There are 4 protein chains.
Amino acid sequence: MTARRAQLIEAAHDLIVAHGIAGLRTRAVAAAVGIDHSTLHHHFPTKADLIEAVADRALAAFRPAEGPTQTLTEHLRHLAALMTTRPDLFTLMRELDLHATRDTAIAALMGPRDDRWRASLTALLPHPVHADLVIATVKGAGNHPATAPAVLKALLDLLRK
Amino acid sequence: MTARRAQLIEAAHDLIVAHGIAGLRTRAVAAAVGIDHSTLHHHFPTKADLIEAVADRALAAFRPAEGPTQTLTEHLRHLAALMTTRPDLFTLMRELDLHATRDTAIAALMGPRDDRWRASLTALLPHPVHADLVIATVKGAGNHPATAPAVLKALLDLLRK
Amino acid sequence: MTARRAQLIEAAHDLIVAHGIAGLRTRAVAAAVGIDHSTLHHHFPTKADLIEAVADRALAAFRPAEGPTQTLTEHLRHLAALMTTRPDLFTLMRELDLHATRDTAIAALMGPRDDRWRASLTALLPHPVHADLVIATVKGAGNHPATAPAVLKALLDLLRK
Amino acid sequence: MTARRAQLIEAAHDLIVAHGIAGLRTRAVAAAVGIDHSTLHHHFPTKADLIEAVADRALAAFRPAEGPTQTLTEHLRHLAALMTTRPDLFTLMRELDLHATRDTAIAALMGPRDDRWRASLTALLPHPVHADLVIATVKGAGNHPATAPAVLKALLDLLRK
DNA sequence: GATGAATGAGATTTCATTCAT
DNA sequence: AATGAATGAAATCTCATTCAT
């Protein structure tokens, strides 16, 4: 059943946000949706599969913001808004970015996304390095959710000068 | 003997950089310096103590760059240079930043450091939010060591305009 | 399965009688019933839980002898008989009594039992201190199973004079 | 140095009383007298040797009370007084009695003492089984220091009737 | 006599995964 | 789809003991 899968992905998402990927326990995920932990393996053969599914869903949540039709202002404002309404998404991304360093399956998901993101940013900016600057700042701003929106706005102002 | 302690800290540093804090194994640390894993506990009662010592030493390596007497240009150039010569330091910082979210002992080390860093940046910049912008960008740039120096330079140019 | 639990409790009982609570090894308990030692934790999350279950079962074996409806003669004869047929029970009790000094969970099991025992003895004896005398003697007689029944009989004779 | 030995024995005595033989740590004993734990092995090659020395000293403290020249009244009064002034001695005895079950070296110390004790009691009492009764009650009374003196007095009264 | 470093055996506990039902 | 029992590999930490200094 695909509803169960969705439940498990959401529970895993929340637990990763709360305890990190390293602190994720399949038992806790199963318990959160009220099934036995061995049943979880019916839906996701392995823990890595579950994490991949979580990454996949989280990446999808970002996609609208990364479309090529936006202006830079729209793009950064959208991200700043997302940081306020969905801080969990950025917490998760930090986890996944770090995890990607050592897990090729996750890297295979994250890498292309960053490439697409960089490509659409490059189209909006005069200097290609500014695409990397935006990406670095957005990722780094996730460390401090409180100041993140202001930081993105400041970057936008600098880039438009 | 304090030499042994230093050896263990360095081995743990390398292993965290290679496998992450989550992937750190006390046995591996002990093996790396050629002692029994139980002897490690003679020097560091607990694994957390060892990680703290690693964090402490890494933070010390940054301190010279964070002194209040520098200009912004010097500061960012120093960091860019460090990213090239000591990329391990930035990998470690990403691990520690994430770890600090859930480990108060590490948070107690990292927090004050960021505060000091922010304070000295604020003294060098017209708008306080730019201090946060620099910190976010430096932290985020660690994800992509290849483009990091160029990104820092681009940020510097924008801030000096 | 509750049969497995019962098996484990019995094996633990025997091992405590043989090697003491201090000498109890979870591995040995698991091995005695032929399962992996990690499976034991499926049935008893912690070693303390297992010991508690052993204490609980042993206390239950005494309960019939401590009922309030008996005469003192019946009571002491029953205990003397038990000392001969089930000396392991008294060995275990000595272990648990000593353990209760430092383990509040065990103390919480043993304390009320002694209180009930004292209450029913008090009802059978003219002087309340004689209840404590009986309890002390029964507990102390466990040290020497060979002379224990004769000792209890001698005490009974003195109390009936 | 024999003063150091005495210090170590006393510290071990106190720690056994506080944490039981099972909870005795040589490190704690050494720390209590302010020396390194490896130095302890200079005075007592093995932990068992230390425990034996503790047992030996404790037994000596009882010896005056067990001399053959006393009357039963004196004997029990002396023990009752000791229970009040030196409850630690009885706590220790319970530990040692239980330990003797599995440690032949301790058994070799405790056995002869009980034999001598029984012999001198037998000389003071009409029925030999009363010697065992007294011993059982004294040992059992140690469980409840609060009621112990009254219990011994009650036993004395019964035996003198 | 004393120290600190080292050892090695071991103990409990955790956890993803498998399998029979 | 689901369960519960079982597994096995591993991980941290403990502790008495030894040894060189």
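**Exercise 1.** In this predicted model, find how much space lies in the second largest cavity and which residues line the second largest cavity.

*Solution.* Step 1: the second largest cavity holds about 160 Å³ of space. Step 2: from chain A, the lining takes A:R94, A:D97, A:L98, A:K139, A:G140 and A:N143. Chain B contributes B:R94, B:D97, B:L98, B:K139, B:G140 and B:N143. Step 3: at least two lining residues come from each of helix 6 (87-100) and helix 8 (128-141) of chain A, and likewise from each of helix 6 (87-100) and helix 8 (128-141) of chain B. Step 4: sorted by class, the lining has six charged, four polar and two nonpolar residues.

**Exercise 2.** Describe the largest cavity by its volume and its lining.

*Solution.* Step 1: a search of the whole structure gives twelve cavities of 30 Å³ or more. Step 2: the largest cavity has a volume of about 350 Å³. Step 3: it is lined by 27 residues, and those closest to its centre are C:R94, C:K139, C:N143, D:K139 and D:N143. Step 4: helix 6 (87-100), helix 7 (104-124) and helix 8 (128-141), in chain C and in chain D, each give two or more residues to this lining. Step 5: the lining residues are 13 nonpolar, eight charged and six polar.

**Exercise 3.** Work out what relation links chain D to chain C.

*Solution.* Step 1: chain D is superposed on chain C by a rotation of 180 degrees with 0.1 Å of shift along the axis, at an RMSD of 0.1 Å. Step 2: this is therefore the relation of a two-fold axis. Step 3: within chain D, the residue that comes closest to the rotation axis is D:G140, with its C-alpha at 1.8 Å. Step 4: because 100% of the interface residues of chain D are also interface residues in chain C, the copies meet through the same surface.

Key:
Residues numbered from 1 in each chain as written. Chains lettered and ligands numbered in written order. Predicted model: local features only at pLDDT ≥ 70, side-chain atom pairs only at ≥ 80, totals over all residues. Heavy atoms only, no water. Least-squares fit on C-alpha atoms with pLDDT ≥ 70 in both. Contact = heavy atoms within 4.5 Å. 1 Å grid on protein atoms, 1.4 Å probe; cavity = no way out; pocket = protein on both sides within 12 Å on 5 of 7 lines; lining within 4 Å. Points joined across faces, edges and corners; volume = space filled by probe spheres on them. Helix = DSSP H or I, 4+ residues; strand = E, 2+ residues; numbered from the N terminus. Nonpolar A, V, L, I, M, F, W, Y, C, P; charged D, E, K, R; others polar.
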